Structure formats: structure tokens, C-alpha cells
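Student: Could you take me through this protein and show me how each label is earned from its definition?

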Amino acid sequence: MLRSGGAITVGTVIVNGTDADNTFRLSLINGSDQTCMARVTRKNFTLTIDSGSDRIWSTADCPSVIKPISRKLGVEHAVAWSLTWDGKRSKPDCKSARKATRPGTYVVTGAVRWAASTVETPGVQ
């Protein structure tokens, strides 16, 4: 159970060409023994795509891809959502022209920062 936040390795993405469209299906699962409120916002959730030590893309640069979620979850219930990466590198404003990534394998990591001391256990699908 995460109590104050943490990072979750979502998985790897294999990009075979430029302008790839990758959709990630994510979920938060209430692993506590009581009902809780799940909140996903631009301030408490990030998804980052890396290649070794090179950061390729992040929702910190492109926060508009995060659609806020606020939902009460019963014990062992989940909330799911999707997030799409356009296969291009990100820049701080995510608006200017961006380079397409090269073919390769990338590591995807999600991080959730929780405000409460007892919260649901996030699980990623």
C-alpha cells in the first residue's frame, strides 16, 4: 500500500517507426480496507518515457493529456483511464515543433503523489 506516493514502472514501449501512437491503459485500485477517494490530476500524476538516462517525454511537459479524475472507490474497486503518447519528444510547453522518436525500446514510469496518509494502492494495467 502506498502511503505518501511513489513511482510505478508501467512497462516498456517498442517504437518501430516515427509518429507512433501509443495508448497506455492505467488504473488505480483501492487496496485499503475502507472506501477512499481516488484523484488523478495534473499536479499529482506524471507519466515519463525514458531511453536509458535520456528523458523522451513526460506529462510534466504536456499536462493537457491528463484528464482529471475524482472518484470514490470501494474496497478492491478500481478506476481506469487511458493516456496517449504521440511518439514525439516533449518540450516544456509541448506546443512547439517536436522531433519524432527513433525506433527503439523505451521505459514508461508513472508516479502518483498522494495527499492523504492512508490511500488506495495504485495498480497499473
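**Surface, strands and core**

Tutor: The accessible surface of the protein comes to about 7100 Å², and 49% of that area belongs to carbon and sulfur atoms; such areas come from the Shrake-Rupley method with a 1.4 Å probe, and for residues only the protein chains shown count as cover. This is a predicted model, in which local features need pLDDT of at least 70 and side-chain atom pairs count only at pLDDT 80 or more, while totals for chains, interfaces and linings use all residues. Residues are numbered from 1 along each chain as its sequence is written, and side-chain values use heavy atoms, with hydrogens and water left out.

Student: How many helices and strands does the protein have?

Tutor: There are zero helices and nine strands, where helices (H or I, at least four residues) and strands (E, at least two) are DSSP runs numbered from the N terminus.

Student: What makes Cys 36, Ala 38 and Val 40 of E3 differ from Met 37 and Arg 39?

Tutor: Cys 36, Ala 38 and Val 40 point to one face and are buried, whereas Met 37 and Arg 39 point to the other and are not; buried means under 20% relative accessible area.

Student: Why do E3 and E6 count as paired?

Tutor: Pairing requires that DSSP finds at least two bridges between two strands, and five bridges join the antiparallel E3 and E6, so they count as paired. Ala 38 has Arg 71 in E6 as its bridge partner.

Student: Which element gives the largest share of the largest nonpolar core?

Tutor: E7 does, with four residues. The core has 22 residues, with Phe 24 and Trp 57 among those with the most contacts inside it; a nonpolar core is a set of buried Ala, Val, Leu, Ile, Met, Phe, Trp, Tyr and Cys residues joined through side-chain atoms within 4.5 Å.

Technical notes
Buried < 20%, exposed > 50% of the residue type's maximum accessible area, 1.4 Å probe, protein only.
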